[in-house]
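I opened this model to take notes on its confidence, its fold and one chosen residue. The entries follow in the order in which I looked things up.

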Amino acid sequence: MQTFRQILTFSLFITIFSGCNPVFAETTETTDTHHAQNSLDWPGVYHGFLPCDDCKGVKTTLALNKNNSYLLITQYVGKSEREIVEKGKFTGGNNNNTIVLTPRDSSTTRQYLVGENTLTQLDNNGNRISGKLADRYILRRTDVTKSSSSHPSH
């Protein structure tokens with residue numbers, strides 16, 4: 001049953017994001033602004049197993065699309081089998097190397113620091129999380145064409 005749900009979740013990702021590539025007119029004008037959305041190859045699917053105070057961890061999958069939409073799936077392992085699905089839009093943050101996720105049905109935002117094939121979750125004020133678990137707040141990008149497996153285990 002769990003494998004079927006993982007395959008269904010992966011299929012949902014592919015279905016939602018396969019037809020979302022908008023076409024824009026090309027321009028010869030270039031600018032020299034470097035920020036997270038143009039200097040790194042940020043679209044893709046990111047996975048992580050984030051710390052949790054009252055469970056084993058938060059299994060997290062975040063898909064970022066080129067049209068600035070996202071799909072976030074979380075599961076509180078050891079607490080619930082239920083997967084929480086969130087959809088919304090993301091924008092560049094106040095810092096040039098951050099993005100801000102804004103869900104469709106809420107005003108609560110999440111911030112991430114964009115790195116080379118990584119997203120690091122930031123606190124509510126946009127600062128890096130510190131402490132001995134700080135390095136566990138990183139989501140790593142996976143190439144969905146490398147493997148036909150469903151949601152990788154964490």
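Entry 1, a cut-off to begin with. I count a residue as buried when its relative accessible area is under 20%, as exposed when that area is over 50%, and as partly exposed in between.

Entry 2, the residue I picked. I looked up T118 and got a relative accessible area of 18%, so T118 is buried by that cut-off. T118 lies in strand 7, which covers residues 118–121. I then listed the contacts of T118, setting aside neighbours within four places in sequence, and found Y46, L113, I138, L139 and R140. I also checked T118 against T142: the two are 24 residues apart in sequence, and their C-alpha atoms are 9.4 Å apart in space.

Entry 3, confidence. The model is predicted, so I went through the pLDDT values before reading further. The protein chain has a mean pLDDT of 78, and 66% of its residues reach 70 or more. I noted residues 11–39, where pLDDT is below 50; in the model this stretch makes 31 contacts beyond near neighbours in sequence. I noted residues 144–154 as well, where pLDDT stays under 50 and the model shows 17 contacts beyond four places in sequence. Where pLDDT is low, the predicted coordinates should not be read in detail.

Entry 4, the elements. I found two helices and eight strands in the protein chain. Along the sequence, I read the pattern as α-α-β-β-β-β-β-β-β-β.

Entry 5, the sheet. How do the eight strands close up, and in what order? They close into a barrel in the order 1-2-3-4-5-6-7-8, with antiparallel pairing. Ignoring direction, I get an average turn of 30 degrees between neighbouring strands of this sheet.

Entry 6, one strand pair. I took strand 2 (residues 57–64) and strand 3 (residues 69–77), which pair in the antiparallel sense over eight bridges. Within this pair I looked up V58 and found Y76 of strand 3 standing opposite.

Entry 7, the chain as a whole. The protein chain has 154 residues, of which 36% count as buried. I put its accessible surface at about 10,000 Å², with 49% of that belonging to carbon and sulfur atoms. Among contacts in the protein chain with a separation of 6 or more, I find that 41% join residues 24 or more positions apart.

Conventions: Residues are numbered from 1 along each chain as its sequence is written. This is a predicted model: local features need pLDDT of at least 70, side-chain atom pairs count only at pLDDT 80 or more; totals for chains, interfaces and linings use all residues. Side-chain values use heavy atoms; hydrogens and water are left out. Helices (H or I, at least four residues) and strands (E, at least two) are DSSP runs, numbered from the N terminus. Buried means under 20% relative accessible area, exposed over 50%, partly exposed in between (1.4 Å probe, protein chains only). Contact means heavy atoms within 4.5 Å. Accessible areas come from the Shrake-Rupley method with a 1.4 Å probe; for residues, only the protein chains shown count as cover. pLDDT is the predictor's confidence in each residue, from 0 to 100. Two strands pair if DSSP finds at least two bridges between them. Axes are lines fitted to C-alpha atoms, for helices over the stretch in contact, and angles run from 0 to 180 degrees between N-to-C directions.
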